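Colleague: Got a minute to walk me through this fold? I'd like to get my bearings before going back to the bench.

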Amino acid sequence: MLLGGVAIGLTRSPIRQYKILTEIKDDWQWLNEQSGKRAFDVLKRNKLVAERTQAGGRKQIVLTPQGKNEALTLNLEEITIPQKRKLLWDGRWRIVAFDIPERRRRYRTIFRYHLQRLGFIELQKSLFIYPYKCFNEVQQIVDDLFLKKYVRLIIADSIDQESKYLKTFKLYRN
């Protein structure tokens, strides 16, 4: 756990931070009270959680909007494209195009990482291609990262240099 925190502090890459967080998330259940308080203080300092006092003096810890965004990215790792869909290719290409502003660079990097993790091939920095039905999974990632207005999903019957991508995905045209 301590090494995970050090690793997060030493890396500047959002993808590496994300990977470290997903690897150490199971260790959180072993925190004792003191280290839990320290962790809470760090989350509070980073404006990921807030503490509210309820009637009767009872305290409540709530996620801030920024904290909700961070929590959602941890669940993205569970999104996969079912293997049975990869058995039958319908001859169409799924293209994801996006133009995510610089101020949301971290989410753009995380989005690219998840497209690649799902098996997409990068055509250009903001253009990815995949041969199998996958828009529900991509839409879930888009929704979780609040990127809807920056991302377009396209289905194409053919693309130029198709033979290159057929070979990459080990596909054949009938």
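**Strands, helices and odd loops**

Modeller: Sure. Let's start with strand 4 (residues 121-124) and strand 5, which run antiparallel and are joined by three bridges. Keep in mind that this is a predicted model.

Colleague: OK. How many residues sit between strand 4 and strand 5 in their hairpin?

Modeller: Two residues lie between them. Glutamine 124 is opposite leucine 127 of strand 5 there.

Colleague: And what does strand 5 do with strand 3?

Modeller: Strand 5 (residues 127-130) pairs with strand 3 (residues 93-98) in the antiparallel sense, over four bridges. Leucine 127 turns up again here, since alanine 97 stands opposite that leucine in strand 5.

Colleague: So leucine 127 has a partner in each pairing. How many bridges are there between strand 3 and strand 6?

Modeller: Six, and that pairing is antiparallel too. To find the spot, look for arginine 94, which stands opposite isoleucine 155 in strand 6.

Colleague: Put it together for me. In what order do the four strands come in the sheet?

Modeller: The order is 4-5-3-6, in an open sheet with antiparallel pairing. Strand 4 and strand 6 are the edge strands, each pairing on one side only. From one strand to the next, the twist averages 25 degrees.

Colleague: Which strands does helix 5 lie across?

Modeller: Helix 5 lies across strand 3, strand 4, strand 5 and strand 6, and it runs at about 170 degrees to strand 3. Helix 6 also packs on the sheet, touching strand 3 and strand 6, with its direction at about 170 degrees to that of strand 6.

Colleague: Tell me about helix 5 itself. How many residues does it have, and how far does it reach?

Modeller: Helix 5 covers residues 105-118, so to speak its 14 residues, and reaches 20 Å from its first C-alpha to its last, close to the 20 Å expected at 1.5 Å a residue.

Colleague: Is helix 5 mostly covered or mostly open?

Modeller: Mostly covered, with ten of its 14 residues buried. Among them are Tyr107, Ile110, Phe111 and Leu118, along with Arg108, Arg112 and His114.

Colleague: What happens just after helix 5?

Modeller: Glycine 119 comes there, with a positive phi of about 115 degrees.

Colleague: Which residue other than glycine has a positive phi near 55 degrees?

Modeller: That's phenylalanine 146. Most residues other than glycine have a negative phi. Phenylalanine 146 is in the loop between helix 6 (135-144) and strand 6 (151-156).

Colleague: Is phenylalanine 146 buried or exposed?

Modeller: In between: phenylalanine 146 counts as partly exposed, because its relative accessible area is 48%.

Colleague: And what about glutamine 161, what is its phi?

Modeller: About 60 degrees, so again positive although glutamine 161 is not a glycine. Glutamine 161 is in the loop between strand 6 and helix 7 (162-168). This residue counts as exposed, because its relative accessible area is 52% and the cut-off is over 50%.

Colleague: Changing topic: how many bridges join strand 1 to strand 2?

Modeller: Five, between strand 1 (residues 49-53) and strand 2 (residues 59-63), which run antiparallel. Threonine 53 stands opposite lysine 59 of strand 2.

Colleague: And which residue in that hairpin takes a positive phi near 90 degrees?

Modeller: Glycine 56 does, in the hairpin of strand 1 and strand 2, where five residues lie between the strands.

Methods
Residues numbered from 1 in each chain as written. Predicted model: local features only at pLDDT ≥ 70, side-chain atom pairs only at ≥ 80, totals over all residues. Heavy atoms only, no water. Expected span 1.5 Å × (residues − 1). Buried < 20%, exposed > 50% of the residue type's maximum accessible area, 1.4 Å probe, protein only. Pairing = 2+ DSSP bridges. Axes fitted to C-alpha atoms, helices over the stretch in contact; angles between N-to-C directions. Contact = heavy atoms within 4.5 Å.
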